[in-house]
Amino acid sequence: MAFLSLSSLVVATFSFVATAAPNDFQKPLLPHRCNNTPKARGCWGRHSIDTNYYTDPPDTGTSVHWNGIRILNNVQNDVVPGVSQCAVAPGGTFSYRFKATQYGTGWYHSHYSLQYTEGLLGPIVIHGPATANYDEDFGPLVLQDWSHKPMFTAWSELQEWGMTHSLDNLLINGANKLDCSTSNDPNCRGGTEKFKMVFQQGRSYLIRLINVAVDSQFRFSIDGHSLRVIANDFVPIVPYDTDSVILNSGQRYDVVVEANSDPKDYWI
Ligand SMILES: [Cu+2]
């Protein structure tokens, strides 16, 4: 999680160490093979003219997008690998520098291939004024869809056979429960807990909703409570009350919830 305070910090710097995480789409790094010299042009470190890029995929880099953040006159920090920067090599570091000229709720995610669907993402809060009062800033609620099968595998199946893959679960701040006892999917992982938040009656809470899904739209609501919407993406808005908000991928809503119902459990 990354938090910036707009009043005290104008320039934000983020450093990321990119590592090649082994999973089923990446083979272990190939051993060093040869040097490229005037007399051996066919060699290029771990790769050569004989490298089969279908069976020996090149090392995976990364880059990190500051979703929704304005990167004015600062193209080299605008994250698109192969366009505004080279991908950060495995084990390498890269510092992004930008001016935080907006405030509110955002998120960052890998801008390289499908990495963010495997978890390379997180929320960003840039603190600033609000259009309505609240007692407590609860922080971000990251709404996510989750595939048991690695998305790289699902994507290559889609390319090869045109199979559609619907995602297996939905997560709030990385948590949800799933009963795998009736599933024949070997990738199913159960035994986990649902996300819970605890309110104190009479207090009001700012909740920062973020949809980071790859393939899902969310309608967010809390039974027995209404939501006072005070910001959308990085734009403060005139507050309005509603029972639910709809978020498409990448969108954020800041809502204030008053704990004014009977003290008991309510479904999110
Ligand atoms: Cu983005």
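**Exercise 1. Burial and contacts**

Task: State what share of the chain's residues count as buried.

Solution. The model is predicted. The chain has 268 residues. Of these, 23% count as buried. Now turn to contacts. Take those in the chain with a separation of 6 or more. Residues 24 or more positions apart account for 67% of them.

**Exercise 2. Secondary structure**

Task: How many helices and how many strands does the chain have?

Solution. The chain has one helix. It has 16 strands.

**Exercise 3. The faces of β5**

Task: Which residues cover the two sides of strand β5, and are they buried or exposed?

Solution. Start with the general rule. In a regular strand, side chains alternate between the two faces of the sheet. Now look at β5, residues 64-67. Val 64 and Trp 66 are on one side. His 65 and Asn 67 are on the other. All four are buried, and both faces of β5 are covered.

Next, find the partner strand. Four bridges join β5 to β7, residues 104-110. The two strands run antiparallel. Asn 67 has Trp 107 in β7 as its bridge partner.

**Exercise 4. The six-stranded sheet**

Task: Give the strand order of the open sheet of six strands, then name its edge strands.

Solution. The order is β10-β9-β11-β16-β13-β14. The pairing is mixed. The edge strands are β10 (169-172) and β14 (235-242). Each of them pairs on one side only. From one strand to the next, the twist averages 25°.

Now zoom in on one pair. Strand β13, residues 227-232, pairs with β14. The sense is antiparallel, over five bridges. Val 229 stands opposite Tyr 240 in β14.

**Exercise 5. Positive phi at Asn 173**

Task: Where is Asn 173 found, and is this residue buried, partly exposed or exposed?

Solution. Asn 173 is found in the loop between β10 and β11 (204-211). Its phi is positive, about 45°, although Asn 173 is not a glycine. Count the neighbours: 16 other C-beta atoms lie within 10 Å of Asn 173. A residue needs 20 or more to be buried, and 12 or fewer to be exposed. Therefore Asn 173, with 16, is partly exposed.

**Exercise 6. Positive phi at Asp 233**

Task: In which loop does Asp 233 lie, and why does this residue count as partly exposed?

Solution. Asp 233 lies in the loop between β13 and β14. Asp 233 has a positive phi of about 50°, although it is not a glycine. Its count is 16 other C-beta atoms within 10 Å, so Asp 233 is partly exposed.

Note on methods. Residues are numbered from 1 along each chain as its sequence is written. This is a predicted model: local features need pLDDT of at least 70, side-chain atom pairs count only at pLDDT 80 or more; totals for chains, interfaces and linings use all residues. Two strands pair if DSSP finds at least two bridges between them. Axes are lines fitted to C-alpha atoms, for helices over the stretch in contact, and angles run from 0 to 180 degrees between N-to-C directions. Two residues are in contact if their C-beta atoms, placed from the backbone, lie within 7 Å.
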